[in-house]
Amino acid sequence: MPEITLPIRTARLTLRRFEGRDLDAFHAYQSLPETARFLPGPAKSYTKSMESVGKYANFSFDKEGDWVCLAIEAADGSGLLGEVVLKWLPGRGQAEVGWSLAPEARGKGYGSEAAAAMLELGFGELGFQRIEARLDALNSASAALCERLGMRLEARHVDKWHYKGEWATELVYAILADEWHAR
């Protein structure tokens, strides 16, 4: 797998490795119940936020199971807006994309722009064949983002996850490399 060239720049964003200076902003949105609502674990404690930022800052992307989590920052460097993730799944040419944004960054197209950059990285530099997104069916904002990216709904797994005291239905969206390049 080729080395990932960072930072990645888009029209309005810079996607880069996390740094220590991101900790307080990361914790500010990751500690919110509204952020944690559609993530597997609870809202993060400060200690868990420190662990996550450290892990994200020191990622390696060499084999199946590895993942890269990049800080989303406004191109003007005004601070952390969220994160975008690309995970190398088992099986030839498979990956998963994901994202999480600070409340003040939601609804402005930053998630779509960052996720599109990760799809471009995955299908371009990294040579993946298929990239999917897995989300809670109640997460309508992420479902709409998937559709804006041209991803198709491939599966609806009813009561797939039991977390936070209830059953959740999982939606699986996906796009293939040739579909992405034909857009």
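Let me start with the largest pocket, which in this predicted model holds about 1,400 Å³ of space. Of the 46 residues that line the largest pocket, the ones closest to its centre are Phe38, Leu39, Gly98, Trp99 and Ser100, and those are the names to look for if you want to find the middle of that space on the structure above.

As for which elements build the wall, at least two lining residues apiece come from the helices α2 (33-36), α3 (46-57), α4 (110-123) and α5 (140-148), and the strands β4 (80-88), β5 (94-101), β6 (130-136) and β7 (152-163) each supply at least two as well. The largest share, six residues, is the contribution of β5. In chemical terms, the lining of the largest pocket divides into 20 nonpolar, 13 polar and 13 charged residues.

Now to the helices, and to α3 in particular, which we have just met in the pocket lining. Two packed helices are described by the angle between their axes and the distance between the axes. For α1, which covers residues 23-30, and α3, the axes come within 9 Å and cross at roughly 125°, and with oblique covering angles that are neither 65 to 115 degrees, nor under 35, nor over 145, α1 is therefore oblique to α3. The crossing of these two helices, α1 and α3, is right-handed.

Which residues meet there? On the α1 side they are Leu23, Asp24, Phe26, His27 and Gln30, and on the α3 side their partners are Tyr46, Ser49, Met50, Ser52, Val53 and Tyr56. Taken by type, the residues of this contact divide into six nonpolar, four polar and one charged.

Finally, two points about the backbone. Most residues other than glycine have a negative phi, and most peptide bonds are trans. With that in mind, I would point you to the bond that joins Leu6 and Pro7, which is a cis peptide bond with omega of about -5°; Pro7 itself sits in the segment before β1 (8-9). The other point is Asp159, a residue other than glycine whose phi is positive, near 50°, and whose place is in strand β7, one of the strands that supply at least two residues of the lining of the largest pocket.

Technical notes
Residues numbered from 1 in each chain as written. Predicted model: local features only at pLDDT ≥ 70, side-chain atom pairs only at ≥ 80, totals over all residues. Heavy atoms only, no water. 1 Å grid on protein atoms, 1.4 Å probe; cavity = no way out; pocket = protein on both sides within 12 Å on 5 of 7 lines; lining within 4 Å. Points joined across faces, edges and corners; volume = space filled by probe spheres on them. Helix = DSSP H or I, 4+ residues; strand = E, 2+ residues; numbered from the N terminus. Nonpolar A, V, L, I, M, F, W, Y, C, P; charged D, E, K, R; others polar. Axes fitted to C-alpha atoms, helices over the stretch in contact; angles between N-to-C directions. Left-handed = near helix turned anticlockwise from the far one by under 90°. Contact = heavy atoms within 4.5 Å.
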